[in-house]
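User: Please take a close look at one part of this model and describe how it is placed among its neighbours.

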Amino acid sequence: MKPDPADRTPPPTVRTAKAKFSEVVAVCTKCAKRQGLSKRAIRDRVKAGLKQGGSGAKLRVVETGCLGPCPKRLVAVATGASVTAGRILLIDPTASPDAIVALLLPPRANLGQDERDDARDAAA
């Protein structure tokens with residue numbers, strides 16, 4: 001017996017919301033714990049690097065489970081750009097906050113405020 005076309009329900013719609021961040025950074029908590037870091041140590045370093053660099057980028061740092069590689073003396077981190085490239089970033093937790101941010105942000109998001117203003121003015 002064929003289903004009645006009138007009984008079909010429309011597929012559910014997908015709703016979206018505006019994100020208050022431009023990049024997501026997933027940090028392996030297992031790696032961080034193995035390095036003796038506090039739960040939010042990497043997040044704090046990334047935020048400090050963003051503040052020092054004045055890049056204006058908005059990152060969401062998410063603690064997650066194992067990302068696959070288990071490096072010695074490094075922490076496994078994934079960003080949208082690294083996952084797109086099929087890579088997991090292995091960062092040194094003792095690196096400076098600026099160095100960590102430079103590794104995490106793709107070049108286009110690493111523009112300074114003056115460069116973004118220039119690009120916006122040129123487009124107008």
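Analyst: This is a predicted model. Arg60 is partly exposed, at a relative accessible area of 41%. Its place is in strand 2, which covers residues 59-64. Together with Lys20, Lys47 and Lys58, Arg60 forms a positive patch on the surface.

After strand 2 comes the loop that leads to strand 3, and Arg73 sits in that loop. Arg73 counts as exposed because its relative accessibility is 63%, and the cut-off for exposed is over 50%. The backbone of Arg73 has a phi near 60°, a positive value in a residue that is not glycine. Most residues other than glycine have a negative phi.

Strand 3 itself spans residues 75-79, and five of its five residues are buried, so the strand is largely enclosed by the rest of the structure. Buried here means under 20% relative accessible area. The side chains go two ways: Val75, Val77 and Thr79 point to one side of strand 3, Ala76 and Ala78 point to the other, and all are buried.

Strand 3 also has pairing partners. One of them is strand 1 (residues 23-28), which runs antiparallel to strand 3 over three bridges; within this pairing, Ala78 is the bridge partner of Ala26. Another is strand 4 (residues 89-91), again antiparallel and with three bridges to strand 3. There, Leu90 of strand 4 stands opposite Ala76. Thus Ala76 and Ala78, which point the same way from strand 3, have bridge partners in strand 4 and strand 1, respectively.

Conventions:
Residues numbered from 1 in each chain as written. Predicted model: local features only at pLDDT ≥ 70, side-chain atom pairs only at ≥ 80, totals over all residues. Heavy atoms only, no water. Patch = residues over 30% accessible without salt bridge, like charges linked within 9 Å, V, L, I, M, F, W, Y side chains within 5 Å. Areas by Shrake-Rupley, 256 points an atom, 1.4 Å probe, with all protein chains shown as cover. Salt bridge = Lys/Arg side-chain N within 4 Å of Asp/Glu carboxyl O. Lys, Arg positive; Asp, Glu negative; His and termini not counted. Charge placed at Lys NZ, Arg CZ, Asp CG, Glu CD. Helix = DSSP H or I, 4+ residues; strand = E, 2+ residues; numbered from the N terminus. Buried < 20%, exposed > 50% of the residue type's maximum accessible area, 1.4 Å probe, protein only. Pairing = 2+ DSSP bridges.
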